[in-house]
Amino acid sequence: IFEEMQNSIEQFLNNTIWTEDNYQTEERINCNFIINILNEPSSNVYEATVQIVSSRPIFNSSYESILFYHGDREWIFEYYPSQNLEFSENSFNDNLTSLVSFYAYLIIGVDNDSFEKFGGDTNFKKAWKILNNSQNSGFKGWDQFGSRQNRYWICENYLNPEFKDLREAFYNYHINGLDLYYSSPIESREMIFENISLINDINSKNFNSPIINLFIEAKSDELTNIFKGASIDLKRNALNILNELSPSKSELFNKILQ
């Protein structure tokens, strides 16, 4: 049953036409849904957690930069043998297709944001529509009264004008920072430092916001490796900013000075 479930979800993700944009095969977004089944409280009903990871290639390199890294721990869904998974944009079918579709649009939106300023707006709005359709389902994670890191607040942050500067910094981090890293590493590090400084300023006013936590989870290892090769002054300045941004990851960030 689990092999069949895995195949059904893979086919659903890969064969559904999510956008009107035309993607070449090599342009398709690299992502993983790591589903951990915890319990089967009744027949064909499953309690699970899911880890979602997506990445995008960096110009002039074979490096893939993680864009989205998130664990969803509030998932109960039904799955029946030979069940046909179908996407519905305008109604709630079930909690399996709704969750997978919701994150598919978030993944596409974040990917588009990294290539075009506010390029993910259309995708985030579609994720919000799925969220609204799912709120009366009785399942956890879809409303504003649960965890502040749940689906509702993640999507709300991406659409909230208060975080537009962060989304612009996210775009600049990739286009004017990482994509230039292999041709101009010094200038690239300076640009990346400017943008994480801006994100830290936003964080000081919106501490523990999901959109900022998602950035930290996706980028902490990458940022550590980027600034290891910086000048000593930039290393120290970057370390101060990163420790302010995420004190819980100070042990990792301290490796910048090693």
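Ala, Val, Leu, Ile, Met, Phe, Trp, Tyr, Cys and Pro count here as nonpolar, Asp, Glu, Lys and Arg as charged, and the others, Gly among them, as polar. The model is predicted, and local features need pLDDT of at least 70, side-chain atom pairs count only at pLDDT 80 or more, while totals for chains, interfaces and linings use all residues. Residues are numbered from 1 along each chain as its sequence is written, and side-chain values use heavy atoms, with hydrogens and water left out.

A pocket is, on a 1 Å grid over the protein atoms alone, an open set of points where a 1.4 Å probe fits, with protein on both sides within 12 Å along at least five of seven lines, and lining residues have an atom within 4 Å of a point. Grid points are joined across faces, edges and corners, and a volume is the space filled by probe spheres set on the points.

| Pocket | Volume | Lining by class |
|---|---|---|
| Largest | about 820 Å³ | 15 nonpolar, 9 polar and 4 charged residues |
| Second largest | about 320 Å³ | 9 nonpolar, 9 polar and 3 charged residues |

Helices (H or I, at least four residues) and strands (E, at least two) are DSSP runs, numbered from the N terminus. Helix H1 (2-15) gives the most to the lining of the largest pocket, with 8 residues, whereas helix H7 (210-228) gives the most to that of the second largest, with 6 residues. Among the 21 residues that line the second largest pocket, Tyr69, Gln149, Asn213, Leu214 and Glu217 lie nearest its centre.
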